[in-house]
Amino acid sequence: MASAVTDKKPGLSSVSKLYLLAYNGILSAGWLLILMQTIRYTVQHRQALQQLSGYVPGLYAEIRGPLKIFQTAAFMEVVHSFIGLVSSSVVVTFLQVYSRLFLLWAVLVGVQSVSSGIGLLLIAYAWSITEVVRYAYYFFGLLDNVPYLIKWARYTLFYILYPIGVLGELLLMFSAIPVTTATGQWSTSLPNCLNLSFHFPYFLIVTILLYIPIFPQLYGHMIAQRKKVLGAKPKAE
């Protein structure tokens, strides 16, 4: 749902700092590439998109390579937390990265027939803009010199991008339910050597339902973080 939070740990060695600078710089540039590819697709297919058909054929083929690489690379944030390179919670980071990787590999890659839905366009914009800003914020934070525009974007754009991203994720998962129900993909039934059964469409439904309590909490947390970092708006006299 949300992207992982990575806080710089005080007292980093020069090697660790250089590594994190390279990591965050490359990831920010990678997501910028995905954003530019998405914008190009939108411009080239603007007439078809204006018809609001709900389909974006060709977008997945345009961005799938970089999307797989740079979203999967986010798993390193879990490693960074685990080895103490950053001060973020390992469990929280894992859960946040897992939600993205699940949607990428189990839904988009695993059930490719859903990749032509409008949900992909929504997450392409929401994820890429969010990650360009987030990794740039971490990059300049390591240099102790975060431009105000990046800080403002980091703690403001989520108002629009977070709901758009969540909507896109939900649309993709909803689209995968009838497909995986019909094909039995990712599901297993009895009997089998493990004596276990798993119905992937039910798992998708449970995941979708979890958004109901989790989304308001995370959204409220981000609003609180914005007030803490940027300050609350002054009250009118």
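How are α1 and α6 oriented to each other, roughly parallel or roughly antiparallel? The legends below take this pair first, in a predicted model.

**View 1. Helices α1 and α6 cross in a left-handed way.** Helix α1 covers residues 14-44, and helix α6 covers residues 118-142. Their axes come within 8 Å. The crossing angle is roughly 155°. Angles over 145 degrees count as roughly antiparallel, so α1 and α6 are roughly antiparallel to each other. By class, the contact of α1 with α6 has 20 nonpolar residues, 6 polar ones and 2 charged ones.

**View 2. Thr 38 is a buried residue of helix α1.** Its relative accessible area is 0%. Under 20% counts as buried, so Thr 38 falls in that class. Neighbours within four places in sequence are set aside here. Beyond them, Thr 38 is in contact with Leu 59, Ile 63, Leu 121, Ala 124 and Tyr 125. Leu 59 and Ile 63 also appear on the α3 side of the contact between α3 and α6. Leu 121 and Ala 124 appear on the α6 side of that contact.

**View 3. Helix α3 crosses α6 obliquely.** The two axes come within 12 Å and cross at roughly 45°. That angle makes α3 oblique to α6. The crossing is left-handed. From α3, the contact draws on Leu 59, Tyr 60, Ile 63, Leu 67 and Gln 71. From α6, it draws on Leu 120, Leu 121, Ala 124 and Trp 127. The contact of α3 with α6 has 8 nonpolar residues, 1 polar residue and no charged residues.

**View 4. Helix α3 also passes α5 in a left-handed crossing.** The axes of α3 and α5 come within 11 Å. They cross at roughly 145°. On α3, the contact is made by Tyr 60, Leu 67, Lys 68, Gln 71 and Thr 72. On α5, the partners are Arg 100, Leu 101, Leu 104, Trp 105, Leu 108 and Val 109. These residues divide into 7 nonpolar, 2 polar and 2 charged.

**View 5. The largest nonpolar core holds 51 residues.** Which members touch the most others? They are Trp 31, Leu 67, Val 107, Leu 108, Leu 120, Met 173 and Leu 204. The elements giving two or more residues to this core are α1, α3 (59-72), α5 (90-109), α6, α8 (158-183) and α9 (200-230). α6 gives the most, with 11 residues.

**View 6. Leu 108 and its contacts.** Neighbours within four places in sequence are again left aside. Leu 108 is then in contact with Tyr 60, Leu 67, Leu 103, Ser 115, Leu 120, Ile 123 and Leu 172. Leu 67 and Leu 120 are, with Leu 108, among the core members that touch the most others. Apart from the largest core lies another core, of 5 residues. Its members include Leu 20, Leu 85, Val 86 and Leu 142.

**View 7. Leu 142 is found in helix α6.** Is Leu 142 buried or exposed? Leu 142 counts as buried, at 4% relative accessibility. Leu 142 and Leu 20 are 122 residues apart along the chain. Their C-alpha atoms are separated by 7.9 Å. Both residues belong to the core of 5 residues.

Terms used: Residues are numbered from 1 along each chain as its sequence is written. This is a predicted model: local features need pLDDT of at least 70, side-chain atom pairs count only at pLDDT 80 or more; totals for chains, interfaces and linings use all residues. Side-chain values use heavy atoms; hydrogens and water are left out. Axes are lines fitted to C-alpha atoms, for helices over the stretch in contact, and angles run from 0 to 180 degrees between N-to-C directions. Helices (H or I, at least four residues) and strands (E, at least two) are DSSP runs, numbered from the N terminus. Angles under 35 degrees count as roughly parallel, over 145 as roughly antiparallel, 65 to 115 as roughly perpendicular and the rest as oblique. A crossing is left-handed if the near helix is turned anticlockwise from the far one by less than a right angle, and right-handed if clockwise. Ala, Val, Leu, Ile, Met, Phe, Trp, Tyr, Cys and Pro count as nonpolar, Asp, Glu, Lys and Arg as charged, and the others, Gly among them, as polar. A nonpolar core is a set of buried Ala, Val, Leu, Ile, Met, Phe, Trp, Tyr and Cys residues joined through side-chain atoms within 4.5 Å. Buried means under 20% relative accessible area, exposed over 50%, partly exposed in between (1.4 Å probe, protein chains only). Contact means heavy atoms within 4.5 Å.
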